[in-house]
Amino acid sequence: MLAQRNAGPAAGPALGPALGPAAGPAEEASASHSSGRHRGPSLLTQLTSAGRALVEGLRSDPDQRIVAVLAVLVATLGLAPIALAPSEVVIYSGVATGTPMLYTYTIAIAAAVVVIAIQTRRQLARAFFPWLPFLGWMLLFAVLAWDSSPRTVSGLVHFSLVAIVFAIGVTAERADRRNSVLLWAFAAVAWLQLFAITMAVLGFPLRRIAGQQALDVLGRATGLTSHPGELAKLLFFCGMCTLTLPQKTVRQRWVAWSTLGVVFLGVSLTQSRSVLAAVVSMILILVVLEFVTGRWQKKYFVVIGITGLLGLVSVPWLIKRFTADPEGGDRQHLLQVAFDVIREHPWAGVGPNSYVAIAGASDPLTASGVPVHNVLLLSAAELGVIGALLLWLPFAMTATTAIHSVFRVRTSELAPRVLVSALPGLVLIGMTGWGLMQGPYFLMLALIAGYFYARSRYVRVASGYGRD
């Protein structure tokens, strides 16, 4: 044996083709522990192999390319909605910025449209159908009624991106149906936001808030966002996706439930009353639906327990906030201002992204950057009553499809049931604030709505209701 081992290297090129198999026993002996167990591949080797597999998959599988740009889009919306140009920002409290801006998620949206259009152009075009009435309405009044100021143009771009992102969600769901990458990406966002909250508590904030707003949010978690309300809405979307995660294995179940705990903890730390109520209502409705449809499992005791713990932890700051602000601030005054604006501009509205500028001319509180805290009234004031109805029509269609899938088809698919469970919470958030229409959060709502609509519609088609 020693002679054979010593002769191996001297064999030179003659043994070249057989070198791999012949070296196996020697490598096995050198890599083994004293206990006889063999070391697995190193972490670097595993990452390298995974990277090669990913690159090969992106080259050979169009669906993986769609899924990849979908994950990038979620990351730019949920973690890094960074302005790239222009460098000077016009401070304006509207659904969009005071001037059109290029964001990281703008580039991600463009990349997603290109990648999806190359693969499935017809489906992408069909996904825009629910938005055609609204886009036509905007085009009509952009020509006939609204001004062409940078503020209005920024609003037009914002609402157009909402329609595009909805279509991306609808079309990309087919490619993502097997792996649910969008759901896992939002779950990862929740964990990274918790990491940012933890770093801020330790004195190393990853994002600093300055000025008067820093005093307003003192003691409340903001994560990587600029306001606790923004973080709370983001975590609500993460909660929707977490509840829809596949749970076929023990590891997947642990990830889902631990991520749900992260969402609950983050929402509690933001001290957002409306989102806290929205999360609790979503969980309770989902549990009731599971019980009524005969899908009750013991794991839902864990969900109820986490929800109860969330309520107990949140009681101190709930009492404090309701004591300091029992009437919800100046919401009644803001509602009256919005009704007056709608009465004066019932058809065309004041223009996209123009509510604060126009209504603020006669109301000092609105001029200070506080629009009406109701997305239906805000959209009606900016786009006209019919324009607002057309804006929310695709979302109403999404809700109707999910309700039909749950109560008529009685599907076993989880996505429609989660969406139905989230509807009261979404209505509550929209009726008590205006941030649901603002910036990346409206885009996230559109992306998730389109994705869940496609999954609910797929269930209907598979059950014989309609066609794909």
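## A charge over a ring

In this predicted model, Arg 177 lies over the face of Tyr 458, at 3.7 Å from the ring centre. The side chain of Arg 177 also meets that of Glu 173 in a salt bridge, with 2.8 Å from N to O. The two partners differ in their surroundings, since Arg 177 is partly exposed, with a relative accessible area of 26%, whereas Glu 173 is buried, with a relative accessible area of 0%.

## Salt bridges

Side chains of opposite charge can pair when their charged atoms come close. The structure holds five salt bridges, among them the pair of Asp 340 and Arg 343, whose side chains meet at 2.8 Å, N to O. Both of these residues lie in helix H14, which covers residues 331–344, and they are three residues apart, about one turn of the helix. Asp 340 counts as partly exposed because its relative accessibility is 28%, while Arg 343, at 57% relative accessibility, counts as exposed. Elsewhere, salt bridges that share partners join Glu 173, Arg 177 and Arg 455 into one network.

Another of the salt bridges is formed by the side chains of Arg 151 and Asp 147, with a distance of 3.5 Å from N to O. Here the arginine is the buried partner, as Arg 151 has a relative accessible area of 18% and buried means under 20%. Asp 147, by contrast, counts as partly exposed, at 38% relative accessibility.

## Aromatic pairs

How many aromatic pairs does the structure contain? The count comes to 14 aromatic pairs. One of them is formed by Phe 395 and Phe 442, which are stacked, with 5.9 Å from centre to centre and 20 degrees between the planes. This pair links distant parts of the chain, for Phe 395 belongs to helix H18 (residues 385–407) and Phe 442 to helix H20 (residues 439–462), and the two residues are 47 residues apart.

Both rings of this pair belong to buried residues: Phe 395 counts as buried at 11% relative accessibility, and Phe 442 is buried with a relative accessible area of 0%. Ring pairs also place Phe 395 and Phe 442 in a cluster, in which they are linked with Trp 131, Phe 134, Phe 159, Phe 166, Trp 392 and Tyr 453.

## Two buried residues with small side chains and their contacts

Gly 155 is found in helix H7, which covers residues 150–176, and it counts as buried because its relative accessibility is 0%. Leaving aside its neighbours within four places in sequence, Gly 155 is in contact with Ala 96, Pro 352 and Asn 353. Gly 155 can also be set beside Glu 382, a residue that is 227 residues away in sequence and 9.7 Å away in space, taken from C-alpha to C-alpha.

Ser 268 lies in helix H11, made up of residues 250–270. With a relative accessible area of 5%, Ser 268 is buried, and once its neighbours within four places in sequence are left aside, its contacts are with Leu 310, Val 313, Ser 314 and Trp 317.

## A nonpolar patch at the surface

Which residues make the nonpolar surface patch of about 340 Å²? The patch is made by Ile 82, Leu 84, Leu 102 and Ile 107. Of these residues, Leu 102 is found in strand S2, which spans residues 102–103, and it counts as partly exposed because its relative accessibility is 36%.

## The chain as a whole

The protein chain has 20 helices and two strands. Of its 468 residues, 46% count as buried, and the chain exposes about 23300 Å², of which carbon and sulfur atoms supply 65%. Among the contacts in the protein chain with a separation of 6 or more, 76% are accounted for by residues 24 or more positions apart; the stacked pair of Phe 395 and Phe 442, with its partners 47 residues apart, offers one example of a link between distant parts of the chain.

Notes. Residues numbered from 1 in each chain as written. Predicted model: local features only at pLDDT ≥ 70, side-chain atom pairs only at ≥ 80, totals over all residues. Heavy atoms only, no water. Phe/Tyr/Trp six-rings, centres within 6.5 Å; stacked < 30°, edge-to-face > 60°. Helix = DSSP H or I, 4+ residues; strand = E, 2+ residues; numbered from the N terminus. Buried < 20%, exposed > 50% of the residue type's maximum accessible area, 1.4 Å probe, protein only. Lys NZ or Arg CZ within 6 Å of the ring centre and 35° of its normal. Patch = residues over 30% accessible without salt bridge, like charges linked within 9 Å, V, L, I, M, F, W, Y side chains within 5 Å. Areas by Shrake-Rupley, 256 points an atom, 1.4 Å probe, with all protein chains shown as cover. Salt bridge = Lys/Arg side-chain N within 4 Å of Asp/Glu carboxyl O. Contact = heavy atoms within 4.5 Å.
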